[in-house]
Amino acid sequence: NHQLNSPIERRMELVRLVSHNAHKRLVTCLQGHIGTEAEKRHKKLPLTALSQAMQDGGSQLGEESLIGKMMDVCGEAENRLASELMQHEVQLERDILEPLNQLAEVDIPNILRQRKQLAKLVLDYDSARARYCTRTPEPGTVLEPQSQDQLSADMYNFSSKEGDYARYYVILVEAQADYHRRSLAALEGVLPTIQAQNDSWMEKPAYGTALEEHLKRSNREIALPLEACVMMLLETGMKEEGLFRIAAGASKLKKLKAALDCSTSQLEEFYSDPHAVAGTTPTPSLSVQTTQQHPIGRRYLVKFLAKLAQDSEVNKMTPSNIAIVLGPNLLWSKTEGTLAEMAAATSVHVVAIIEPIIQHADWFFPDDVDFNVSGMFVAMAPEPDPGSFERRRPGSLVDGDTPRKDRYLSYPRSTAVSALYVVADESITVKETSAGEQEQPMPLPS
C-alpha cells in the first residue's frame, strides 16, 4: 500500500517550492526581456541605451573635444558589455531558468498528481471492497498494480536525479563567473586605448600637475607656459616700467590663467597688459635642493631676465631691482617656507645672490638661448608707434576680419604645440612671480 505524506513526497514538495522561488528571483535579476530573441533583447538592454547615448554625444562633440573622444570610445565599451550581458542572460534562460521551471512547474507537479490519483484509487478500492466483499469491484475502483509501480519509479527517479537538479546552481555561478571574466577582459582591453587618448590630449589643465608630468606630456624641455609668457613679454613688455613689480588686477590674472589653462588662442587682449603677463610667468626655483632639476628652464628664465635688464634705463628693472622683486621666488621652493618667512628674509642677502646671476648670465649660462624654443611663434611686422596715449594693437585680426598669422593661429589646436597655453601655478614646482602678492612694492630708483 502507498503511504501518504511519505518523506520523499514531502521532499519533492519542498524542492518544488524552493525551485519556484529561485526561478522567480532569478528572473527579476535579468535586465533583458525574457523569451525574446537575442538581437531584440540586446536592443532593449539599459546598457545598450547608455552606449547609444554616449556615442551620440561623442559624435556631437567631435574629435576636437576630449569629452567627445572619451564618450565615443567608452560608449563602444558599454556596447561590448551589453553584448556580453545579452549572451549571459540567454545562457541563463536556456541552462537554468527553463530547467528550473520544468522541475518546479511540470515534473514534480506531475509526480504529485499521480500520487493524488493513486491515493484516490486506493480509497475507492478499499471502500468498494468493504461494501461489496462478494461482488466484483466496479471498473472505476480497480487498483491496477502498474499505477503503483509507475509512481514508485517516478519518485525513485526523482531522488536519483537530485544531483542533476543541484547542478543548476553550480551552472549559475559558473556562468556568472564566465560573464564577469569576459566583461573584465572587454574593459581591460579598452582601458589602454582610453588611457593613451587621455594622455595624448595636450590641452589638459596644468594647475595641480607636476612640472615633470607637464614636460613629459608636452615632450619639451622648457615649460610651455614659461615660453608663452616670455614671448608675449618680449613683444610688448620689455619697455614697460616696473615690469614684475607693478601688480595687475586679481581678476585680470585669474582670467589670463584660465585662458592659458584651457589652451585658448584668444590671448590678444593680454598683449596690451604686460603686467598681467608678468604676474603669471612661472619662475623655476634656483635653490640648492632643485639645482639638478630642469636646468634648461632656469637658464631660459635667467637669460630672459638679463635681457629685460638691458632695457633698465626705460623699464627701471635693473638686475638689483629684479632680484628684489623676484628673489624670494627664485631662491625658495614651495616646501621650504611660507610667503611670510620668505618676506622676512634680509633683502640684502637675496640681492647679493640673484643680482650677480643676472648681471653675469652669459658666464653662468654661456650658450645662447632661442626664446622661441617651440618655433611656433611668428614675429609680427613692426607697427607705427601710436603715441603715448595708445598701446600698439595686440589683436590677431587686422581690419577686423582678416586673421593674422601670429604665434597662436599659425598652428591648429589639435597639434601637440597647441598645448603652449597651459599655465603652471604654485602647485607645480614652478611658482608664479610675487608681483601679485606684494601689498607694498619696494620703490625703484629712477
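Start with the whole protein chain of this predicted model: of its 446 residues, 43% are buried. If you colour by secondary structure, the chain resolves into 17 helices and 4 strands. Switching to a surface representation shows about 24500 Å² exposed, of which carbon and sulfur atoms supply 54%. A contact map adds a further view, since among contacts with a separation of 6 or more, 75% link residues that are 24 or more positions apart.

Next, select residues 7-29, which form helix α1, and pick out L17 within that helix. With a relative accessible area of 39%, L17 is classed as partly exposed, because that value lies between the 20% and 50% limits. Keep L17 selected and add L14 and V18, and the three residues together make a nonpolar surface patch of about 260 Å².

Now move along the sequence to G62, which sits in the loop between α3 (46-61) and α4 (66-131). G62 is partly exposed, its relative accessible area being 23%. Which residues does G62 touch, once neighbours within four places in sequence are left aside? The contacts of G62 are then with G68 and K69. Adding D72 to the selection gives a distance to check in the viewer: the C-alpha atoms of G62 and D72 are 9.0 Å apart, while the two residues are 10 residues apart in sequence.

From there, select helix α6, residues 162-200, and centre the view on S183. Is S183 buried or exposed? S183 is buried, because its relative accessible area of 8% falls under the 20% limit. Showing the atoms around S183, and again leaving aside neighbours within four places in sequence, you find contacts with L81 and E84.

Stay in helix α6 and select Y165 and Y168, which lie 3 residues apart, about one turn of the helix. Both tyrosines, Y165 and Y168, are buried. The structure holds 6 aromatic pairs, and Y165 with Y168 forms one of these, a tilted pair with 6.2 Å from centre to centre and 50° between the planes.

As a last stop, select F244, Y300, F304 and F371 together and display their side chains; these four residues form one aromatic cluster.

Terms used
Residues numbered from 1 in each chain as written. Predicted model: local features only at pLDDT ≥ 70, side-chain atom pairs only at ≥ 80, totals over all residues. Heavy atoms only, no water. Patch = residues over 30% accessible without salt bridge, like charges linked within 9 Å, V, L, I, M, F, W, Y side chains within 5 Å. Areas by Shrake-Rupley, 256 points an atom, 1.4 Å probe, with all protein chains shown as cover. Salt bridge = Lys/Arg side-chain N within 4 Å of Asp/Glu carboxyl O. Helix = DSSP H or I, 4+ residues; strand = E, 2+ residues; numbered from the N terminus. Buried < 20%, exposed > 50% of the residue type's maximum accessible area, 1.4 Å probe, protein only. Contact = heavy atoms within 4.5 Å. Phe/Tyr/Trp six-rings, centres within 6.5 Å; stacked < 30°, edge-to-face > 60°.
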